[in-house]
Amino acid sequence: MPPGADDSHVIRGNTLAELASAIDKRLAGLRVEDRRRHPGQQLRRDLDRHRGPVQRAGRGRPDTDFHRGETAIQLIFNGPVKEEPDRQNPTLWPLAEQGPYYAALVTGGTLDTKGGPQTDPDGHVLDDLGQPIPGLYGVGNCVASASAQAYWAGGATLGPILAFAHRAANAAHTEPADQNP
Ligand SMILES: Cc1cc2nc3c(=O)[nH]c(=O)nc-3n(C[C@H](O)[C@H](O)[C@H](O)COP(=O)(O)OP(=O)(O)OC[C@H]3O[C@@H](n4cnc5c(N)ncnc54)[C@H](O)[C@@H]3O)c2cc1C
C-alpha cells in the first residue's frame with residue numbers, strides 16, 4: 001500500500017492460524033450470514049486442498065473450483081507472467097510456507113447504476129416530459145448511465161463521469177440564477 005493509504009480492509013496474520021482467527025474476528029463485527037459459521041476454520045481446509053495438487057505439480061494447476069485462468073480476459077487482468085514461464089495456470093501459484101499472510105473480504109458492491117433520472121448532454125436532469133429542470137444537474141452514479149443498459153468496457157463509468165461533469169459544470173456556470181425556482 002502507498003504510505004498513508006487506508007488499508008483497513010486488509011486482514012493480517014503471521015501464521016495461518018492467526019489469519020483464520022483474524023478473519024473470524026473481522027466477520028464477527030459484521031452482520032454476515034455464513035452457513036459455515038467459522039470461515040476462518042474453513043480457511044485451513046481450503047488452503048490444504050489448494051496446496052496439495054499445486055505442490056505435487058510444482059506449478060499452477062487447473063482451477064476445478066472456479067475455473068480461473070480459463071478465459072482470455074482473466075489472463076489479461078492477471079498481468080504479465082514472463083518472469084514465471086513454467087507456470088501452467090498464471091492465475092494460481094503455490095502459497096508461501098511462512099507468513100505473514102493477508103486476506104480481504106470479497107463481498108457485493110456497486111460498480112455503476114443503470115437507473116436514476118435521465119439527463120441531457122449538459123447534465124440537466126430531465127422531467128417526465130423530457131424537459132430540463134432548471135437548476136438541477138446530475139452526473140455519475142446518481143443519474144441514469146450514458147451507456148444505458150450496456151457496460152462498454154473498463155473505464156466506461158469514470159470516463160463519461162469526467163466528460164459530463166465538465167459539461168454540466170460549464171452549463172451550470174452559465175445558467176442565470178433567477179431561472180432557478
Ligand atoms: C471496485 C470498483 C472498481 C471500479 N473500477 C472502475 C474502473 O476501473 N474504471 C471506471 O471507469 N470505473 C470504475 N468503477 C466505477 C466508478 O468508480 C464509479 O462509477 C464512480 O466512482 C462513481 O462516481 P460518483 O461520483 O458518481 O459516485 P461516488 O464515487 O460513489 O461518490 C458519491 C459520494 O457521495 C457521498 N454520499 C452518499 N450519500 C451522501 C449523503 N446523503 N450526503 C453526503 N454525501 C453522500 C458518498 O460518500 C460518496 O463520496 C469502479 C467501482 C468500484 C466499486
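This passage walks through a predicted model of one protein, from its overall layout to a few local details.

Start with the big picture. The protein has 181 residues, and 24% of them count as buried. Its secondary structure adds up to four helices and four strands. Read from the N terminus, the order of these elements is β-α-α-α-β-β-β-α. Among contacts with a separation of 6 or more, 56% join residues 24 or more positions apart. As for the outside, the accessible surface is about 13100 Å², and carbon and sulfur atoms account for 56% of that.

Next comes the inside. In soluble globular proteins, nonpolar side chains tend to be buried together. Here the largest nonpolar core has ten residues: Ile 11, Leu 16, Leu 19, Ala 20, Ile 23, Leu 27, Leu 43, Leu 47, Tyr 101 and Ala 103. Three elements each put two or more residues into this core, namely α1 (16-28), α2 (39-57) and β2 (101-103). Helix α1 provides the largest share, with five residues. One core member, Ala 103, touches Leu 19 and Ile 23, and its contacts also include His 9, Val 10 and Ile 11, leaving aside residues up to four places away in sequence.

Helix α1 deserves a look of its own. With 13 residues, α1 stretches 18 Å from its first C-alpha to its last, close to the 18 Å expected at 1.5 Å a residue. Its buried residues are Leu 16, Leu 19, Ala 20, Ile 23 and Leu 27. Viewed down the axis of α1, these buried residues sit within an arc of 100 degrees, so they line one face of the helix. The general pattern behind this is simple: an α-helix has 3.6 residues a turn, so residues three or four places apart point the same way. On the face of α1 turned away from the buried side are the exposed residues Ala 17, Lys 25 and Ala 28.

Helix α4, at residues 158-174, can be read in much the same manner. It has 17 residues and spans 24 Å from first C-alpha to last, close to the 24 Å expected at 1.5 Å a residue. Pro 160, Ala 168 and Ala 171 are the buried residues of α4. Down the axis of α4 they fall within an arc of 60 degrees, so these residues, too, line one face of their helix. The cover over the buried residues of α4 includes β4 (132-137). Turned away from that buried side are the exposed residues Leu 158, Leu 162, His 166 and His 173. Gly 159 also has its place in α4, and with a relative accessible area of 35% this glycine is partly exposed. Between Gly 159 and Gly 140, which are 19 residues apart in sequence, the C-alpha to C-alpha distance is 9.8 Å.

Now for the charged pairs. Side chains of opposite charge can pair when their charged atoms come close. The count of salt bridges in this model is two. In one of them, Arg 12 pairs with Asp 7, and the closest N and O atoms are 2.8 Å apart. Arg 12 is partly exposed, at 43% relative accessibility, and Asp 7 is partly exposed as well, at 25%. The other salt bridge brings together the side chains of Asp 122 and Arg 167, at 3.0 Å from N to O. Asp 122 belongs to the loop between β2 and β3 (124-126) while Arg 167 belongs to helix α4, so this pair ties together parts that are 45 residues apart in sequence. Both partners count as partly exposed, Asp 122 with a relative accessible area of 26% and Arg 167 with 41%.

The loops hold a couple of details too. Pro 100 is in the loop between α3 (72-78) and β2, and the peptide bond leading to Pro 100 from Gly 99 is cis, with omega near 10 degrees. Further along, Ala 144 is found in the loop between β4 and α4. Ala 144 and Gly 116 are 28 residues apart along the chain, yet their C-alpha atoms are separated by 4.6 Å. Not counting residues up to four places away in sequence, Ala 144 touches Gly 115, Gly 116, Pro 117 and Gln 118.

Methods:
Residues are numbered from 1 along each chain as its sequence is written. This is a predicted model: local features need pLDDT of at least 70, side-chain atom pairs count only at pLDDT 80 or more; totals for chains, interfaces and linings use all residues. Side-chain values use heavy atoms; hydrogens and water are left out. A nonpolar core is a set of buried Ala, Val, Leu, Ile, Met, Phe, Trp, Tyr and Cys residues joined through side-chain atoms within 4.5 Å. Buried means under 20% relative accessible area, exposed over 50%, partly exposed in between (1.4 Å probe, protein chains only). Contact means heavy atoms within 4.5 Å. Accessible areas come from the Shrake-Rupley method with a 1.4 Å probe; for residues, only the protein chains shown count as cover. The expected span of a helix is 1.5 Å times one less than its number of residues. The arc is that of the directions from the helix axis to the C-beta atoms. A salt bridge is a side-chain nitrogen of Lys or Arg within 4 Å of a carboxyl oxygen of Asp or Glu.
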